[in-house]
Amino acid sequence: MPTHVRDPRPLLPLILVVASIGCISPAVHKQVPAFANAVTLATENTKSAFDVVEEEYETAQTARIVVDYDKKGFNPDMVRPFLLPEDLQVRLALLNALQEYASKLSEVSSDKQLNEFDDKTRAFGKSLEDLSKTDAFSRFTKNDANIAGAAVNALGRWFIESKRQKQLPKIIAEMQDPVKKTAELLEADIGKAPDQAGHGGSGLRDQLWNTYDNAILQQDAFIKKYEDHMDPLTRAGAIRELPRLVRQRNLADKTLEQTQSTLAKLVDAHSALLKAVVSKGDIQSELSALISEGQRIKSFYDSLQKKD
Amino acid sequence: MNPTQQQVHDAFDELNQALNKAALAATGTDQENLREAADDVFDIVTALNQADIKSRTEDFVALKTQVDAVTKQLTDLQKQINSIIHDVEIATSVVDGIGKAVDFAGKFFV
């Protein structure tokens with residue numbers, strides 16, 4: 001006997017099954033982009049930190065070559081990078097790998113695949129409906145086809161959600177330690193500027209601070225060496241460069257310090273993500289998940305009905 | 001007791017600052033000599049910083065292997081979900097095939 005249902009009530013048991021597994025928490029949807037943004041920020045800032053140190057090192061080196069030229073001439077060996085390319089590449093490769101992780105995580109936790117699945121099951125429902133129009137399947141009505149389509153959609157979504165629910169918390173938990181260690185290592189690379197007594201300096205900040213001091217020294221030596229050959233305006237311009245370098249040194253150090261704080265935020269964002277993905281949620285959010293899943297199946301079912 | 005790496009670093013940083021200040025205050029040959037000494041100490045501090053950064057390079061390599069392994073799990077999960085989507089595609093083409101076969105058989109056998 002053909003079934004003449006106009007609503008998705010026959011699908012209620014399926015809705016309950018689907019809702020019992022629930023969707024990945026909405027908090028996860030919120031935290032994944034926050035983490036992806038934190039990764040992008042940390043990556044870009046860290047790359048800039050290495051770039052700025054390299055550029056300033058090059059500038060100071062050139063200034064020294066200029067001041068010493070009369071005495072030492074030029075030798076290509078005087079031009080050296082601060083960091084060996086392999087040391088830099090390894091760091092950039094890790095940052096790129098982190099970006100790849102964040103981007104995959106966004107893809108897997110987003111609704112993109114679920115929407116694609118809805119489109120495919122909609123096409124499946126349409127094929128069933130077409131089949132119901134043939135004589136051989138005349139007992140199989142359009143409504144039966146729609147219910148079957150909606151049922152496949154609900155079950156498929158259940159499979160997809162259960163896979164995500166089972167595997168995402170494990171994957172994100174496994175990533176917690178590498179994210180923390182990456183941030184710690186990069187923070188150590190960035191290091192600290194030396195204090196007034198020249199103590200406690202390390203890493204890129206120490207190097208940058210000393211590089212600027214060295215550039216100031218070369219500029220001062222250049223002025224003193226050639227001041228008799230400079231007109232007053234050129235001399236004034238050369239002297240103005242000295243306080244500018246001091247201000248730039250302080251500003252550049254501040255920027256590196258802020259980069260360290262973006263790395264700390266990266267760890268916080270991943271911890272928040274882990275917390276969101278493992279949280280069971282309260283009864284109210286489970287109820288709203290049940291209601292929203294019921295509404296979703298109904299609108300999916302309606303979308304099949306509207307195809308006439 | 002041997003000094004720590006940081007103590008060695010601090011000693012050269014302190015010397016670097018002192019020589020910089022002295023060179024800025026001096027003129028003529030004095031300044032040239034002090035600046036050359038400051039440049040040499042700056043090169044030593046640079047070498048210490050380079051070595052410090054290099055000492056972590058291996059840790060970065062090991063971490064990348066771990067990150068890649070976790071990302072592979074995400075790729076596998078994505079593939080599993082895609083295969084569910086693909087299964088529905090196959091089911092649709094099977095149903096379409098049945099429809100066409102029934103239609104064709106109807107025309108052929110009647």
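Which helix of chain A is A:Ile160 found in? In this predicted model, A:Ile160 belongs to helix 5 of chain A. The residue is buried, and its relative accessible area comes out at 0%. Setting aside residues up to four places away in sequence, A:Ile160 touches A:Leu114 and A:Phe117 in its own chain, plus B:Ile81 and B:Ile84 from chain B. Take the pair A:Ile160 and A:Leu114: they sit 46 residues apart in sequence, yet their C-alpha atoms are 7.8 Å apart in space.

Helix 5 of chain A (residues 142-190) also packs against helix 3 of chain A (residues 85-109), at an angle of about 155° and with the axes 11 Å apart. Since an angle over 145 degrees counts as roughly antiparallel, that is how helix 3 of chain A runs relative to helix 5 of chain A. The crossing of these two helices is left-handed. On the helix 3 side, the contact is built from A:Arg91, A:Leu94, A:Leu95, A:Leu98, A:Tyr101, A:Leu105, A:Val108 and A:Ser109. Helix 5 of chain A answers with A:Arg164, A:Leu168, A:Ile171, A:Ile172, A:Met175, A:Val179, A:Thr182, A:Leu186 and A:Asp189. Sorted by class, the residues of this contact are 12 nonpolar, two polar and three charged.

Now for chain B. Chain B holds three helices and zero strands, so to speak an α-α-α run when read from the N terminus. What radius of gyration does chain B have, against that of a compact globule of 110 residues? The value for chain B is 36 Å, whereas such a globule would come in near 13 Å. The C-alpha trace of chain B spans about 115 × 40 × 15 Å along its principal axes. As for burial, 35% of the 110 residues of chain B count as buried.

One residue of chain B worth a look is B:Asn20, placed in helix 1 of chain B (residues 5-25). Is B:Asn20 buried or exposed? B:Asn20 is buried, at a relative accessible area of 6%. Again leaving out residues up to four places away in sequence, B:Asn20 touches A:Asp213 and A:Leu217 from chain A, along with B:Ala38 from chain B.

A:Leu217 and B:Ala38 turn up again in a contact across the chains, that of helix 6 of chain A with helix 2 of chain B. Helix 6 of chain A (residues 203-226) and helix 2 of chain B (residues 28-54) pack at an angle of about 160°, and their axes are 10 Å apart. That makes the two helices roughly antiparallel. They pass each other in a left-handed crossing. From helix 6 of chain A, the residues involved include A:Leu204, A:Asn210, A:Asn214, A:Leu217 and A:Lys224. Their partners in helix 2 of chain B include B:Arg35, B:Ala38, B:Phe42, B:Val45 and B:Ile53. By class, the contact of helix 6 of chain A with helix 2 of chain B splits into seven nonpolar, nine polar and six charged residues.

Helix 6 of chain A has a partner within its own chain too, namely helix 7 of chain A (residues 232-278). The axes of this pair come within 10 Å and cross at roughly 175°. Helix 6 and helix 7 of chain A are therefore roughly antiparallel to each other. Their contact has 14 nonpolar, four polar and seven charged residues.

Conventions: Residues numbered from 1 in each chain as written. Chains lettered and ligands numbered in written order. Predicted model: local features only at pLDDT ≥ 70, side-chain atom pairs only at ≥ 80, totals over all residues. Heavy atoms only, no water. Axes fitted to C-alpha atoms, helices over the stretch in contact; angles between N-to-C directions. Helix = DSSP H or I, 4+ residues; strand = E, 2+ residues; numbered from the N terminus. Parallel < 35°, antiparallel > 145°, perpendicular 65-115°, else oblique. Left-handed = near helix turned anticlockwise from the far one by under 90°. Contact = heavy atoms within 4.5 Å. Nonpolar A, V, L, I, M, F, W, Y, C, P; charged D, E, K, R; others polar. Rg over C-alpha atoms; globule rule 2.2 N^0.38 Å. Buried < 20%, exposed > 50% of the residue type's maximum accessible area, 1.4 Å probe, protein only.
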